[in-house]
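Let's take a walk through this one, helix by helix, and then stop at a few individual residues along the way. Keep the viewer open as you read.

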Amino acid sequence: MYTDPRVVSAVEDQFVPVRVHVKENRDEFQRLGAEYQAQWTPTILILDEAGEERHRIEGFLPADDFLSQLALGAAKAAFSAGDHGTAEQLFESVIASHPNTDAAPEAQYWAGVSRYKATNDPGALHATYRKFQERYNDSTWAKKASVWGG
Amino acid sequence: MTTAAREITWNHDLNRALEDAAARHRRVLLDFSAAPM
């Protein structure tokens, strides 16, 4: 994952990267692994400034999928911080930049929720339901949004 | 002249990284790895 220059740029430019290696950092690996319940490698967590987990990636992913998950994680962190306007933009960016990844339908769902949280307009949820009718309609996230179709 | 490939500069101290993240308004990417060194 980390050999792709796009991944290197994304990690270096958007995050503070920390690595704990099972052999090279044995004590920290075990301590942090217990604290964050990391039970497999690779496990990559996106943490907010308080050290709270905001997104988890377990197992290897090809570069394009990994990039989409990094972007999704950054959006989720903004959402958890209550910055719903920024979160919506970041979720929309995931869809635009990585439309054919597993992150895209999840981002479409949370973009709608972010807009609803920012505006208190339930129309945002119905609009998201309609978007799933047009794209990603066989995804789990479309099922989750189906309740907004009424 | 060739340009050296950019590499990730890994931190190994989470507490220090969290302080850095707060100062720079970034998130932390914490990687639990078993990759060959």
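In this predicted model, start with the pair formed by α3(A) and helix α4 (residues 84–97) of chain A, whose axes come within 8 Å and cross at roughly 165°. Anything over 145 degrees counts as roughly antiparallel, so α3(A) and α4(A) are roughly antiparallel. The crossing of α3(A) past α4(A) is left-handed. On the α3(A) side, the contact is made by A:Ser68, A:Ala71, A:Leu72, A:Ala74, A:Ala75, A:Lys76, A:Ala78 and A:Phe79, while α4(A) brings A:His84, A:Thr86, A:Ala87, A:Leu90, A:Phe91 and A:Val94. Sort the residues of this contact between α3(A) and α4(A) by class and you get 10 nonpolar, three polar and one charged.

One of those contact residues deserves a stop. A:His84 sits in helix α4 of chain A. Is A:His84 buried or exposed? Its relative accessibility is 16%, and because the cut-off for buried is under 20%, A:His84 counts as buried. Leaving aside residues up to four places away in sequence, A:His84 touches A:Phe79, A:Ser114, A:Lys117 and A:Ala118.

Now look at α3(A) by itself. How far apart should the ends of an 18-residue helix be at 1.5 Å a residue? For helix α3 (residues 63–80) of chain A the expected span is 26 Å, and the end C-alpha atoms turn out to be 25 Å apart, so the two agree. Much of this helix is covered, with 14 of its 18 residues buried. Just after α3(A) comes A:Gly82, which takes a positive phi of about 85°.

A:Gln69 is a good residue to click on within helix α3 of chain A. With a relative accessible area of 14%, A:Gln69 is buried. Apart from residues up to four places away in sequence, A:Gln69 touches A:Ile46, A:His55, A:Ile57, A:Leu61 and A:Ala103.

There's another helix packed against α3(A). The axes of helix α1 (residues 5–14) of chain A and α3(A) come within 10 Å and cross at roughly 15°. The angle is under 35 degrees, so α1(A) and α3(A) are roughly parallel to each other. Here, too, the crossing is left-handed as α1(A) passes α3(A). The residues that meet are A:Arg6, A:Val7, A:Ala10 and A:Val11 from α1(A), and A:Ala63, A:Asp64, A:Phe66, A:Leu67 and A:Leu70 from α3(A). This contact of α1(A) with α3(A) divides into seven nonpolar residues, two charged and no polar.

Next, leave the helices for a loop. A:Glu52 is found between β2 (43–47) and β3 (53–58) of chain A. With a relative accessible area of 45%, A:Glu52 is partly exposed. Its contacts, not counting residues up to four places away in sequence, are A:Ile46 and A:Leu47. Measure C-alpha to C-alpha in your viewer and A:Glu52 should come out 9.4 Å from A:Ala77, though the two are 25 residues apart in sequence.

Finish in the segment after α7 (140–145) of chain A, where you'll find A:Gly150. Its relative accessibility is 99%, so A:Gly150 counts as exposed. From A:Gly150 to A:Tyr2 it is 148 residues in sequence and 44 Å in space, C-alpha to C-alpha.

Methods:
Residues are numbered from 1 along each chain as its sequence is written. Chains are lettered from A and ligands numbered from 1 in the order in which they are written. This is a predicted model: local features need pLDDT of at least 70, side-chain atom pairs count only at pLDDT 80 or more; totals for chains, interfaces and linings use all residues. Side-chain values use heavy atoms; hydrogens and water are left out. Helices (H or I, at least four residues) and strands (E, at least two) are DSSP runs, numbered from the N terminus. The expected span of a helix is 1.5 Å times one less than its number of residues. Buried means under 20% relative accessible area, exposed over 50%, partly exposed in between (1.4 Å probe, protein chains only). Axes are lines fitted to C-alpha atoms, for helices over the stretch in contact, and angles run from 0 to 180 degrees between N-to-C directions. Angles under 35 degrees count as roughly parallel, over 145 as roughly antiparallel, 65 to 115 as roughly perpendicular and the rest as oblique. A crossing is left-handed if the near helix is turned anticlockwise from the far one by less than a right angle, and right-handed if clockwise. Contact means heavy atoms within 4.5 Å. Ala, Val, Leu, Ile, Met, Phe, Trp, Tyr, Cys and Pro count as nonpolar, Asp, Glu, Lys and Arg as charged, and the others, Gly among them, as polar.
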